Amino acid sequence: VQLQASGGGLVQAGGSLRLSCVASGRTSSKFATGWFRQAPGKEREFVAAINWSYSASTAYADSMKGRFTISRDSTKNTAYLQMDSLRPEDTAVYYCAARYQRSLLETLKTFWNDYPYWGQGTLVTVSS
């Protein structure tokens, strides 16, 4: 599985961006995509995740709830991260990652080390 992330850029505080993550290779209903971010000098942190089963279950980091929305279009093998009400502290390199769930009911993982497949990062810069 290969992942290609895009959509980063420079935006003013309060603005919006939509990141995309296209997966090539074998995907299935047990596939799950996660978004993580890493700011300079900080550890990589979980942002959101979604599975590719019919339920399209999602998970969010508490600080992103209500501002970020993760979705996916299985016909395009693409996951999206809609980011609204952006803040300067959201400035980071955003990475998409993927894994195969053990079952359709498995809880979405929020630790980066649980994801074996990674795309290149896309830089998001939020100016004040």
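The following conversation between a trainee and a mentor walks through a predicted model of a protein.

Trainee: How many helices and how many strands does the secondary structure of the protein come to?
Mentor: This is a predicted model, and its elements can be read in order from the N terminus. Read that way, they run β-β-β-β-β-β-β-β-β-β-β. The count for the protein is therefore 0 helices and 11 strands.

Trainee: What radius of gyration does the protein have, and what would a compact globule with 128 residues have?
Mentor: Along its principal axes, the C-alpha trace spans about 40 × 25 × 25 Å. For 128 residues, a compact globule would have a radius of gyration near 14 Å, and the value for the protein agrees with this, as it is 14 Å.

Trainee: What percentage of the contacts with a separation of 6 or more comes from residues 24 or more positions apart?
Mentor: A contact here means that heavy atoms lie within 4.5 Å. One pair with such a separation in sequence is Arg37 and Ala92, which are 55 residues apart along the chain while their C-alpha atoms are separated by 5.9 Å. Among the contacts with a separation of 6 or more, the share from residues 24 or more positions apart is 57%.

Trainee: What percentage of the residues in the protein is buried?
Mentor: A residue is called buried when its relative accessible area is under 20%. Turning to the surface, the protein exposes about 6700 Å², and carbon and sulfur atoms supply 48% of that area. Of the 128 residues in the protein, the buried ones make up 41%.

Trainee: How far apart are the mean positions of the positive and negative charges?
Mentor: The comparison takes in 14 positive and 9 negative charges of the protein. When the mean position of each group is found, the two are separated by 7 Å.

Trainee: Which two residues form a disulfide?
Mentor: A disulfide is a covalent bond between the sulfur atoms of two cysteines. The count in this protein comes to 1 disulfide. Its partners link distant parts of the chain, since one sits in strand β3 (residues 17–24) and the other in strand β9 (residues 92–100), 75 residues apart. With their sulfur atoms 2.2 Å apart, the two residues are Cys21 and Cys96.

Trainee: Is the disulfide of Cys21 and Cys96 right-handed or left-handed?
Mentor: Both Cys21 and Cys96 are buried. The torsion about their S-S bond is about 70°, so the disulfide is right-handed.

Trainee: Is Asn51 buried or exposed?
Mentor: Asn51 is found in strand β5 (residues 45–51). Apart from residues up to four places away in sequence, it touches Phe31, Ala32, Ala56, Ser57, Arg72, Leu104 and Leu108. Because its relative accessible area is 3%, Asn51 is buried.

Trainee: Where is Ala56 found?
Mentor: Ala56, one of the residues that Asn51 touches, has a positive phi of about 50° although it is not a glycine. It is partly exposed, with a relative accessible area of 24%. Ala56 is found in the loop between β5 and β6 (58–60).

Trainee: What is the relative accessibility of Ser20?
Mentor: Ser20 has its place in strand β3. Leaving aside neighbours within four places in sequence, its contacts include Gln4, Trp35 and Tyr80. Ser20 counts as buried, because its relative accessibility is 15%.

Trainee: Is Arg37 buried or exposed?
Mentor: Arg37 lies in strand β4 (residues 31–38). Beyond residues up to four places away in sequence, it touches a set of residues that includes Glu43, Phe68, Glu89, Asp90 and Tyr94. Since its relative accessible area is 7%, Arg37 is buried.

Trainee: Is Glu89 buried or exposed?
Mentor: Glu89, among the residues that Arg37 touches, lies in the loop between β8 (78–83) and β9. Its C-alpha atom is separated by 9.5 Å from that of Ala13, although the two residues are 76 residues apart along the chain. Because its relative accessibility is 53%, Glu89 counts as exposed.

Trainee: What is the phi of Ser85?
Mentor: Ser85 lies in the loop between β8 and β9, and at 42% relative accessibility it counts as partly exposed. Although Ser85 is not a glycine, its phi is positive, at about 50°.

Methods
Residues are numbered from 1 along each chain as its sequence is written. This is a predicted model: local features need pLDDT of at least 70, side-chain atom pairs count only at pLDDT 80 or more; totals for chains, interfaces and linings use all residues. Side-chain values use heavy atoms; hydrogens and water are left out. Helices (H or I, at least four residues) and strands (E, at least two) are DSSP runs, numbered from the N terminus. The radius of gyration is taken over C-alpha atoms; the globule rule is 2.2 Å times the number of residues to the power 0.38. Buried means under 20% relative accessible area, exposed over 50%, partly exposed in between (1.4 Å probe, protein chains only). Accessible areas come from the Shrake-Rupley method with a 1.4 Å probe; for residues, only the protein chains shown count as cover. Lys and Arg count as positive and Asp and Glu as negative; His and the chain ends are not counted. The place of a charge is taken as NZ of Lys, CZ of Arg, CG of Asp or CD of Glu. A disulfide is a pair of cysteine sulfur atoms within 2.5 Å.
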